[in-house]
Amino acid sequence: NQVCVDNCEDDEFWHIRDQVCKKCHGSCLECDGEGANRCTSCTSDRYLVTDLHTCGTACPEGYWSNPGHNQCYQSSGSTNLLMSYLVIFLISLFGIV
C-alpha cells in the first residue's frame with residue numbers, strides 16, 4: 001500500500017525512483033538525499049561541514065567553526081594569513097616565546 005504525502009519528516013528525504021520517503025543517514029538531522037554527504041543540518045552535538053554536506057563531532061583541519069550555528073566553513077588563505085599575524089602580534093604583545 002502506498003500513501004500520498006505532502007512532505008517527508010524532517011529526518012527523511014523524498015526518494016524519486018522509489019517514490020517514498022527514506023531516512024537520512026544517521027549523522028544527519030536533515031538531508032536532501034541518501035548518504036553521509038547529503039546532510040543539510042546536523043544534530044546539536046555535531047557540526048555541519050558546509051561545503052562537504054557532512055556532519056562531524058568537530059571541524060576538520062583547515063576549517064573554522066561558527067559555534068552558534070554548529071557549522072564549519074573552509075578557511076581561505078587570507079583567513080589563515082590573518083590568524084598567523086594575530087598570533088605573532090599576541091606573542092610580541094605578551095612576550096611569549
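Cys 59 is partly exposed, with a relative accessible area of 23%, whereas Cys 72, the residue to which Cys 59 is joined by a disulfide, counts as buried at 0% relative accessibility. In this predicted model, the sulfur atoms of Cys 59 and Cys 72 lie 2.0 Å apart. The torsion about their S-S bond is about -90 degrees, so the disulfide is left-handed. Because Cys 59 lies in the loop between S6 and S7 and Cys 72 in strand S8, the pair ties together parts that are 13 residues apart in sequence.

A search of the whole structure returns five disulfides, the link of Cys 59 and Cys 72 being one of them. When the bonded cysteines of the chain are numbered in sequence order, the pairing reads 1-2, 3-5, 4-6, 7-8, 9-10. Another of these bonds connects Cys 24 with Cys 31, with a distance of 2.1 Å between the sulfur atoms; the angle about the S-S bond is -85 degrees, and the link is left-handed. Both Cys 24 and Cys 31 are buried.

A disulfide is also formed by Cys 28 and Cys 39, whose sulfur atoms are 1.9 Å apart. The torsion about the S-S bond is about -65 degrees for Cys 28 and Cys 39, so that this disulfide, too, is left-handed. Cys 28 belongs to strand S3 (residues 28-31) and Cys 39 to strand S4 (residues 39-42), and the pair therefore ties together parts that are eleven residues apart in sequence. Cys 28 has a relative accessibility of 7% and, because buried means under 20% relative accessible area, Cys 28 counts as buried. Cys 39 is likewise buried, with a relative accessible area of 1%.

The loop between S3 and S4 contains Gly 35, which is partly exposed at a relative accessible area of 24%. Residues up to four places away in sequence being left out, Gly 35 touches His 25 and Cys 28, the latter being a partner in the disulfide with Cys 39. Between Gly 35 and Cys 24 the C-alpha to C-alpha distance is 7.2 Å, while the two residues are eleven apart in sequence. His 15, found in strand S1 (residues 12-15), counts as buried at 9% relative accessibility. With residues up to four places away in sequence again not counted, the contacts of His 15 are with Val 20, Lys 22 and Glu 34.

In the chain, the secondary structure comes to one helix and eight strands, and from the N terminus on the elements follow the order β-β-β-β-β-β-β-β-α. Four of the strands form an open sheet with the order S6-S5-S8-S7 and mixed pairing. Strand S6 (54-56) and strand S7 (63-66) stand at the edges of this sheet, and because each has a single partner strand, one side of each is left without a neighbour in the sheet. From one strand to the next, the twist averages 35 degrees. Strands of a sheet pair through backbone hydrogen bonds, either parallel or antiparallel. Strand S5 (residues 47-49) and strand S8 (residues 71-74) pair in the parallel sense, over two bridges, and Leu 48 stands opposite Gln 71 in S8. Strand S8 also holds Cys 72, through which the disulfide ties this strand to the loop between S6 and S7.

For the chain as a whole, buried residues make up 19% of the 97 residues. The accessible surface comes to about 7200 Å², and 55% of this surface belongs to carbon and sulfur atoms. Among contacts between residues at least 6 apart in sequence, 7% join residues at least 24 apart.

The confidence of the prediction varies along the chain, with an average pLDDT of 83 and with 73% of the residues scoring at least 70. The highest confidence is found in strand S2 (residues 20-23), at a mean of 97, and the lowest in helix H1 (residues 77-94), at 62. Where pLDDT is low, the predicted coordinates should not be read in detail.

Methods
Residues are numbered from 1 along each chain as its sequence is written. This is a predicted model: local features need pLDDT of at least 70, side-chain atom pairs count only at pLDDT 80 or more; totals for chains, interfaces and linings use all residues. Side-chain values use heavy atoms; hydrogens and water are left out. Two strands pair if DSSP finds at least two bridges between them. Axes are lines fitted to C-alpha atoms, for helices over the stretch in contact, and angles run from 0 to 180 degrees between N-to-C directions. A disulfide is a pair of cysteine sulfur atoms within 2.5 Å. Buried means under 20% relative accessible area, exposed over 50%, partly exposed in between (1.4 Å probe, protein chains only). Contact means heavy atoms within 4.5 Å. Accessible areas come from the Shrake-Rupley method with a 1.4 Å probe; for residues, only the protein chains shown count as cover. pLDDT is the predictor's confidence in each residue, from 0 to 100.
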